[in-house]
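This report goes through selected features of one model, beginning with a helix and moving on to ring pairs, charged contacts and the surface.

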Amino acid sequence: MDHGTDAVDFIMGRVVSLKFGFTPVINRSHYDIIKRKSIYQAVKDEQEYFQQHPRYQSIANQCGTLYLSKTLNQILIDHISNTLPDLKALSSSQLLPVFGLSCPKVFLEKEKFDELQAKVVELLPKLENLGEYFNQLQRSLQE
């Protein structure tokens, strides 16, 4: 977006309706990058733009990179939360190829099964903690 753009009708879903809606952002321009404008400053300028622009003031809390990040983070967390029970319920025979093991569960030795189970147990908390990582990243950008 730039200073001549009026995208309120798009943002509000009046022109095209999207499941998760539109989130307007202002990217750093080539000039900003050449002048070494920091991402922190770009985000700060972006927030200021939406808060001060007469057309975007009323929806400024739904605009910008930080809002987009928070929204995408929530979509990801919701998807992981909805998918995780199914992942946990997958049979060993479906998970084996992912971990490079090719024998079906029936022929799987106890040691191999225990190894696979340990890998899955190790992976799941990382997925569950992903949301907190993104929240910490977002908070650090806002400071």
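## Helix 3 and its two faces

In this predicted model, helix 3 has 14 residues, which at 1.5 Å a residue should span 20 Å, and the C-alpha atoms at its ends are indeed 20 Å apart, so the expected and computed lengths agree. The helix runs over residues 39–52.

Five residues of helix 3 are buried, namely Ala 42, Val 43, Glu 46, Tyr 49 and Phe 50. Because these residues cover an arc of only 120 degrees around the axis, they lie on the same side of helix 3. On the face turned away from this buried side, helix 3 carries the exposed residues Gln 51 and Gln 52.

## Aromatic pairs at Tyr 49

The count of aromatic pairs in the structure comes to four. In one of them, the rings of Tyr 49 and Phe 50 have centres 5.4 Å apart and planes at 75 degrees; since planes over 60 degrees apart count as edge-to-face, this pair is edge-to-face. Tyr 49 has a relative accessible area of 11% and is therefore buried, and Phe 50, at 1% relative accessibility, counts as buried as well.

Tyr 49 also forms an aromatic pair with Tyr 56, in which the centres are 6.2 Å apart and the planes are at 40 degrees, an arrangement classed as tilted. Tyr 49 and Tyr 56 are both buried, and the ring pairs link Tyr 49, Phe 50 and Tyr 56 into a cluster.

## Salt bridges

How many salt bridges does the structure hold? There are four, and one of them joins Asp 6 to Arg 55, with the closest N and O atoms 3.0 Å apart. Asp 6 lies in the segment before helix 1 (8–11), whereas Arg 55 lies in the loop between helix 3 (39–52) and helix 4 (65–89), so this pair ties together parts that are 49 residues apart in sequence. Both partners are classed as partly exposed, Asp 6 with a relative accessibility of 45% and Arg 55 with a relative accessible area of 39%.

Lys 37 takes part in two further contacts of this kind: its side chain meets that of Asp 32 in a salt bridge with an N to O distance of 4.0 Å, and that of Asp 45 in a salt bridge with an N to O distance of 2.7 Å. Through these shared partners, Asp 32, Lys 37 and Asp 45 are joined into one network. The members of the network fall into two accessibility classes, for Asp 32 is buried, with a relative accessible area of 16%, while Lys 37, at 23% relative accessibility, counts as partly exposed, and Asp 45, at 27%, likewise counts as partly exposed.

## A nonpolar patch on the surface

Which residues form a nonpolar patch on the surface? The patch consists of Phe 10, Val 15, Val 16, Leu 18 and Phe 22, which together have about 400 Å² of accessible area. One of these residues, Val 15, lies in the loop between helix 1 and helix 2 (30–34). With a relative accessible area of 48%, Val 15 is classed as partly exposed, because the exposed class requires a value over 50%.

Key:
Residues are numbered from 1 along each chain as its sequence is written. This is a predicted model: local features need pLDDT of at least 70, side-chain atom pairs count only at pLDDT 80 or more; totals for chains, interfaces and linings use all residues. Side-chain values use heavy atoms; hydrogens and water are left out. Helices (H or I, at least four residues) and strands (E, at least two) are DSSP runs, numbered from the N terminus. Buried means under 20% relative accessible area, exposed over 50%, partly exposed in between (1.4 Å probe, protein chains only). Patches are made of residues with over 30% relative accessible area and no salt bridge: like charges are joined within 9 Å, nonpolar side chains (Val, Leu, Ile, Met, Phe, Trp, Tyr) within 5 Å. Accessible areas come from the Shrake-Rupley method with a 1.4 Å probe; for residues, only the protein chains shown count as cover. The expected span of a helix is 1.5 Å times one less than its number of residues. The arc is that of the directions from the helix axis to the C-beta atoms. Rings of Phe, Tyr and Trp (its six-membered ring) pair if their centres lie within 6.5 Å; planes under 30 degrees apart count as stacked, over 60 as edge-to-face and the rest as tilted.
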